[in-house]
Amino acid sequence: MKVRRNKKQVPSFRKLLKTSKVKLENKLKNKQFKQQSTIKKYRKEQRKLRQAVKDAVSKKPIPLEDPKEKRPGKRIEREEEEEEEALPLDMMDEDDLQLMKDLGQRASFLTRDLSSSEPVHARKRKHERVIDKYEKIPRTLQTAPEKELIHLLPIKDKSGIIPQTREKPVIDSNQDEEDQEMEPEEEIIEEPIKELTLEEHLIERKKKLQEKKMRIAALASAILSDPESNIKKLKELRSMLMEQDPDVAVTVRKLVIVSLMELFKDITPSYKIRPLTEAEKSTKIRKETQKLREFEEGLVSQYKFYLENLEQMVKDWKQRKLKKSNVVSLKAYRGLAAVAVKSLCELLVALPHFNFHNNIIVLIVPLMNDMSTSISEMCCEAVKKLFKQDKLGQASLGVIKVISGFVKGRNYEVRPEMLKTFLCLRIKEVEVKKDTEDINKQKKFMTFKEKRKTLSRMQRKWKKAEEKLERELREAEASESTEKKLKLHTETLNIVFVTYFRILKKAQRSPLLPAVLEGLAKFAHLINVEFFDDLLVVLHSLIESGDLSYQESLHCVQTAFHVLSGQGDVLNIDPMKFYTHLYKTLFKLHAGATNEGVEIVLQCLDVMLTKRRKQVSQQRALAFIKRLCTLALHVLPNSSIGILATNRILMHTFPKTDLLLDNESQGSGVFLPELDEPEYCNAQNTALWELHALRRHYHPIVQRFAAHLIAGAPSEGSEALKPELSRRSAAELFEAYSMAAMTFNPPVESSNSRRKDKVLQGDSFLSEEISQLIKRHCSEVTTQLPLDFTKYLETSLRLRMNFPAPFHLL
């Protein structure tokens, strides 16, 4: 049996010496601590004692004689009179003098409070405290204002504590006020403030601003040169957002906001930084990794504080609250807020993958509905840009969720621009890519059992290496799976359609309706087939209600035919009422305010007639071509070009419509242009005489299209169109020749009259003989001959007698 030895070693002398020193030090510290605690207790008791003395003195009764006496002079006079009345000591008996001396030594009756009910020779109780004794003194009403007293150190004798006080000398208040008034004057005289002129003030401000700019530039360049080492300078730069110099505060803050925004866009990594776990913090890491972690933590914290500062600037502008420092005026709040909002918009678009992106979305979305048009447009443009560049759809989904909740929370009383941003979503493009990805399915890796059955050992080794390489390449591409994209886009579309259908159901007279109908027209091919019947009923009821504007009704028609042209082809629905509505309302377009509605009409005609050519009858096509040619006479040149381009496509789509180019009637009946039913207006019995009027149009492109249609819209020959006109759609031609800038494209030549050279002015209207006679008479001077008026008078009277005047002139 083995005996276990005690492994504990005996302490050495040095160790014992070391421990004894520690014990001695601890004892010394304990002793000092006890001394300090006793001193503190003693001081506390002394403080309580002084406070009790103060309370006792403050409650000292006022003498009955002359309580309203204020001035110390009267009191001194009264004491002198009492001294005069007092008897001198040499006139007193020896016994009386001895008694007075004995009483003076005791002096207990002098120090006793007369108001106290305690007897003179009452025994002192040991357990009674001084504070309780003073508390027993009865309170008296203050008939006169108390004099200010200076408390001196008390005297303690056998009878107790004798408080010592002295009256504070009274100082005249008027003199104090004069002294106080004189003091600032003396200070001003000692340190006068130099008054600067406006020019000197501007020079000083420019100098300060230049120094601040150099400081900002130095910090920013240092951070950009080595972000990991100089991340602490980011805090120093951010502290300049609180610039307190009122001369340059606003400008410096704006410069710092923009500088920090550009810095964050440059130094931010392309991944999201997550907080470290406790296990990761406890593990040992290399210096490089530790440096990277410190950089990431500093970057995230400073980015968070920067966003909080921007949010506070926007809140200050909204609440119009002036800060205590008064460094920034209320008028400057708007400029600061505009720069802050612009920086937030830039970060929203540039850093959708980084931390706090959802916080930026929550800040930006309410500003899209701001009263300020510039702020609202800035935020809407940023959201549109984000939608256009977002390939995955994660950031778009976050924005759509916030917008949908905001619109619902405001009871659908928001700007239509908020919903128009939905038109920039990239959902349609991803759905187009879906078919190609389904055809080219991803390659699946073989399982171990399949490899063992079909491949040899060497082949399995090669296969394993190939699969490993393919996985690494797929990870290097960092491309998201199609399933994830499709899931995100499906969720986004659901929220969009829920918002649209809520507005159609609850706010049909809202100004948001055009944006809703436009959005439905774009995404109608993605709507579930189950909702088609209900949606068409709602759209038709909106049109029939008469509450919509012309452009809104056109959006309804466009949405209905987008629905029917996609998955709605399988449904047996006749949209005749929508054809009739469009045919009936075409003449509401003109060269005035409704000219912009021509673009929607062109889009509707493309969906209604061209893409649904198999469901459209010849009578309907003839009626629309005739009405469109008539409409081309009433609108602006770009609209006429778009309408004639549509007629060209329709004549190619429906070849039998060329009978409209012949003036002979086809079949029975007379053309009824005022009838609203395109099927029964007998359009086959008319001709396109409008084309001859359009052939003499002042716009050269309109002339070219009219001549092309008169020739039967040939694809070859002298009357064929050039490729730049024939290959463009009607909507593209409408945009290309737009007159929004109040100019013609191409410029229209001025019409020079042939008779312009033959226009006669002034004397040229007269013949040559008359003009020469006038010149000759004007050149002669006959004023030298005497004027004989009687001669001419006699001649006129003689003529009257021979030829009497008519009856009606008498």
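Among contacts in the protein between residues at least 6 apart in sequence, what percentage join residues at least 24 apart? In this predicted model, the share is 69%. The protein has 810 residues, of which 31% are buried. Its secondary structure comprises 33 helices and two strands.

The two strands may be considered before the helices. Strand β1 covers residues 149-157 and strand β2 covers residues 160-167. They pair in the antiparallel sense, and seven bridges connect them. Two residues lie between β1 and β2, and the pair forms a hairpin. A specific point of pairing can be located at K156, whose bridge partner in β2 is I161. In a regular strand, side chains alternate between the two faces of the sheet.

The account now turns to a group of helices further along the chain, beginning with α23. Helix α23 spans residues 550-565 and packs against α25 at an angle of about 25°, the two axes being 9 Å apart. Since angles under 35 degrees count as roughly parallel, α23 is roughly parallel to α25. The crossing of these two helices is left-handed. On the α23 side, the residues that meet α25 are Y550, Q551, L554, H555, V557, Q558, F561, H562 and S565. Their counterparts in α25 are I600, V601, Q603, C604, V607 and M608.

Q558 illustrates this contact from the side of α23, the helix in which it is found. With a relative accessible area of 8%, Q558 is buried, because the limit for that class is under 20%. Leaving aside residues up to four places away in sequence, Q558 touches A521, I600, Q603 and C604. Of these, I600, Q603 and C604 are among the α25 residues that meet α23. Q558 and V601 are 43 residues apart in sequence, yet their C-alpha atoms are 8.4 Å apart in space.

Helix α23 also packs with α24. Their axes come within 10 Å and cross at roughly 145°, and this crossing too is left-handed. Here α23 contributes Y550, S553, L554, V557, A560 and F561, which meet F578, Y579, H581, L582 and T585 in α24.

Which residues does F578 touch, not counting residues up to four places away in sequence? They are L536, H540, I543, V557, A560, F561 and M608. F578 is found in α24, and V557, A560 and F561 are among the α23 residues that meet this helix. M608 is one of the α25 residues that meet α23. F578 is buried, with a relative accessible area of 3%. The C-alpha atoms of F578 and A560 are separated by 8.0 Å, although the two residues are 18 residues apart along the chain.

The final element is helix α26, residues 618-631. At 1.5 Å a residue, its 14 residues should span 20 Å, and the end C-alpha atoms are 20 Å apart, so the expected and modelled spans agree. Is this helix enclosed or exposed? Because 12 of its 14 residues are buried, α26 is largely enclosed by the rest of the structure. The buried residues are R620, A621, L622, A623, F624, I625, K626, R627, L628, C629, T630 and L631. What covers them includes α24 (576-585) and α25 (598-610), together with α27 (637-653) and α28 (690-694). Helices α24 and α25 thus appear again here, as part of the cover over α26, having each been described above as packing with α23.

Terms used:
Residues numbered from 1 in each chain as written. Predicted model: local features only at pLDDT ≥ 70, side-chain atom pairs only at ≥ 80, totals over all residues. Heavy atoms only, no water. Pairing = 2+ DSSP bridges. Helix = DSSP H or I, 4+ residues; strand = E, 2+ residues; numbered from the N terminus. Expected span 1.5 Å × (residues − 1). Buried < 20%, exposed > 50% of the residue type's maximum accessible area, 1.4 Å probe, protein only. Contact = heavy atoms within 4.5 Å. Axes fitted to C-alpha atoms, helices over the stretch in contact; angles between N-to-C directions. Parallel < 35°, antiparallel > 145°, perpendicular 65-115°, else oblique. Left-handed = near helix turned anticlockwise from the far one by under 90°.
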